Amino acid sequence: MRILLVEDDPTVRGFVSKGLSEMGHLVEQADNGKDGLFLAVSEKFDVVVLDRMLPGGIDGLRILETLRSQANATPVLILSALADVDDRVAGLKAGGDDYLTKPFAFSELLARVEALGRRGRNESAPQTRLEVGGLEMDLLARSVRRDGQKIDLQPREFRLLEFLLRHAGQVVTRTMLLEGVWDYHFDPQTNVIDVHVSRLRQKVDKPFPQPLIHTIRNAGYMLRAE
């Protein structure tokens with residue numbers, strides 16, 4: 001992927017740039033808001049990694065707001081030492097797609113960047129049908145069938161199943177479900193996920209010989225065909 005990294009701290013910038021380059025990505029760099037904004041609006045990138053606090057009179061949120069005002073939908077990962085909920089919410093409301101607080105592990109940054117890159121590619125060619133092991137979801141008709149049999153789902157169940165289908169064959173953690181299905185960016189310490197997964201299994205798995213929704217111990221859930 002072609003990635004724009006806007007970060008004023010030379011240590012962080014070098015660390016992130018080196019790691020991304022070693023993973024095969026092409027990284028363009030800017031160390032201030034003015035240069036970062038110029039590159040972001042004038043060139044095409046797959047993902048932007050954007051520090052929130054920048055020198056040069058233009059901070060990260062200003063860059064982000066400018067991009068979105070120009071209908072530029074390039075996925076943006078915000079990096080920031082500001083870790084309060086209000087700060088994270090402000091970044092996401094300004095148009096950020098993800099928010100990572102400093103200090104961070106490079107492995108987590110890489111996983112988030114690559115996830116945003118996949119999301120950007122998927123959005124450019126939107127899927128209308130998802131299918132795994134005889135389970136079919138029509139996103140336009142908002143309908144679900146398994147082996148030709150119609151399954152009626154509540155809106156939240158549909159959204160949960162869609163998330164599992166989009167991540168078929170992958171472990172989906174509690175945090176991923178809270179953020180992707182319930183829009184929580186914190187863990188409310190409830191059993192809401194367990195309850196909804198149980199209800200979904202009653203409809204999607206119980207009437208059929210082979211289960212598709214599997215519990216991965218101490219990790220989360222996975223939707224896969226045996």
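Into which domains is the chain divided? Colour residues 2–117 as domain 1 and residues 129–223 as domain 2, and you have the answer. Keep in mind as you click around that this is a predicted model.

**Stop 1: the whole chain**

Zoom out first. The C-alpha atoms fill a box of roughly 60 × 35 × 30 Å along the principal axes. With your two domain colours on, look at the gap between their middles: the C-alpha centres of domain 1 and domain 2 lie 31 Å apart. Switch to cartoon view and you can go hunting for 8 helices and 12 strands. Of the 226 residues in the chain, 43% are buried. Now think about who touches whom. If you take contacts between residues at least 6 apart in sequence, 54% of them join residues at least 24 apart.

**Stop 2: Asp51**

Select Asp51 and show its side chain. You'll find this residue in strand 3, which covers residues 47–51. UniProt, in an unreviewed entry, lists Asp51 for "modified residue: 4-aspartylphosphate". Is Asp51 buried or exposed? Its relative accessibility is 4%, so Asp51 counts as buried, the cut-off being under 20%. Next, show what surrounds it. Leaving out residues up to four places away in sequence, Asp51 touches Val6, Glu7, Asp8, Gly60, Leu79, Ser80 and Lys102.

**Stop 3: Thr66 and Val85**

Move to helix 3, residues 60–69, and pick out Thr66. Thr66 counts as buried because its relative accessibility is 18%. Setting aside neighbours within four places in sequence, Thr66 is in contact with Leu37 and Val41.

Now jump to helix 4, residues 85–93, where you'll find Val85. Val85 has a relative accessible area of 47%, so this one is partly exposed. Try your distance tool here: from Val85 to Ser17, C-alpha to C-alpha, is 27 Å, and the two are 68 residues apart in sequence.

**Stop 4: the nonpolar cores**

Here's a handy idea before the next selection: in soluble globular proteins, nonpolar side chains tend to be buried together. Select Leu135, Leu161, Leu177 and Leu223. Within the largest nonpolar core, which has 29 residues, these four touch the most other members. Which elements each supply at least two residues of this core? Highlight strand 6 (129–132), strand 7 (135–138), helix 6 (155–166), helix 7 (174–180), helix 8 and strand 12 (220–223). Helix 6 gives the most, with 6 residues.

There is also a second, separate core of 19 residues, and Ala40, Leu54, Leu67 and Tyr99 are among them.

Back to Leu135 for a close-up. Not counting residues up to four places away in sequence, its contacts include Leu130, Val144, Ile151, Leu161, Leu165, Val204, Leu212 and Leu223. Two arginines, Arg145 and Arg146, also touch Leu135.

**Stop 5: helix 8**

Finish by selecting residues 192–204, which make up helix 8. At 1.5 Å a residue, its 13 residues should span 18 Å, and the end C-alpha atoms are indeed 18 Å apart, so the two agree. Which residues of helix 8 are buried? Show Val192, Ile193, His196, Val197, Leu200 and Val204 as sticks. Then turn the view until you look straight down the axis of helix 8: the buried residues fall within an arc of 120 degrees, so they line one face of the helix.

Methods: Residues are numbered from 1 along each chain as its sequence is written. This is a predicted model: local features need pLDDT of at least 70, side-chain atom pairs count only at pLDDT 80 or more; totals for chains, interfaces and linings use all residues. Side-chain values use heavy atoms; hydrogens and water are left out. Helices (H or I, at least four residues) and strands (E, at least two) are DSSP runs, numbered from the N terminus. The expected span of a helix is 1.5 Å times one less than its number of residues. Buried means under 20% relative accessible area, exposed over 50%, partly exposed in between (1.4 Å probe, protein chains only). The arc is that of the directions from the helix axis to the C-beta atoms. Domain bounds come from an automatic or database domain assignment. A nonpolar core is a set of buried Ala, Val, Leu, Ile, Met, Phe, Trp, Tyr and Cys residues joined through side-chain atoms within 4.5 Å. Contact means heavy atoms within 4.5 Å. UniProt positions are given in the numbering used here, feature names are shortened, and annotations may be inferred rather than shown by experiment.
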